[in-house]
Amino acid sequence: ADFAVFARLRELRKSIAEAEGVPQYAVFTNEQLASMVRGKVKTLEALGRIDGVGPGRVDRYAARFLALLQQALAPE
């Protein structure tokens, strides 16, 4: 289940990177995506505590990634 969430995060990251013309790691690294899944991140504060995720990334990308995480990690 965690890998499925990770794969969805990677797809989202790829589409954002292509739209902005930046490398995928400039959005989030694989390690940061894995930390989101492992930590069951659902808040801005939790996202900002991930190593290497600063206020700029939180401001630009948090809404889209948190929406996916909240949906994916919601109890069945």
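**Close-up views of helix packing**

**View 1. Helices α1 and α5 are roughly antiparallel to each other (angles over 145 degrees count as such).** The model is a predicted one, in which local features need pLDDT of at least 70 and side-chain atom pairs count only at pLDDT 80 or more, whereas totals for chains, interfaces and linings use all residues. Residues are numbered from 1 along each chain as its sequence is written, and side-chain values use heavy atoms, with hydrogens and water left out. Helix α1 (residues 2-20) packs with helix α5 (residues 55-72) at an angle of about 155°, the axes lying 10 Å apart. Axes are lines fitted to C-alpha atoms over the stretch in contact, and angles run from 0 to 180 degrees between N-to-C directions. Helices are DSSP runs (H or I, at least four residues) numbered from the N terminus.

**View 2. Residues forming the contact of α1 with α5.** From α1, the contact (heavy atoms within 4.5 Å) includes V5, L9, L12 and I16; from α5, the participants include Y61, F65, L68 and L69. The residues of this contact comprise nine nonpolar, one polar and five charged.

**View 3. Buried residues of helix α3.** In α3 (residues 30-38), Q32, L33, A34, M36 and V37 are buried (under 20% relative accessible area, 1.4 Å probe, protein chains only). These buried residues pack against α1, α4 (44-48) and α5. K40, which follows α3, has a positive phi near 50°.

**View 4. Surroundings of Q32 in helix α3.** Q32 has a relative accessible area of 6% and is therefore buried. Apart from neighbours within four places in sequence, Q32 is in contact with I50, D51, G52, V53 and R57.

Note on methods
Helices (H or I, at least four residues) and strands (E, at least two) are DSSP runs, numbered from the N terminus. Angles under 35 degrees count as roughly parallel, over 145 as roughly antiparallel, 65 to 115 as roughly perpendicular and the rest as oblique. Ala, Val, Leu, Ile, Met, Phe, Trp, Tyr, Cys and Pro count as nonpolar, Asp, Glu, Lys and Arg as charged, and the others, Gly among them, as polar. Buried means under 20% relative accessible area, exposed over 50%, partly exposed in between (1.4 Å probe, protein chains only).
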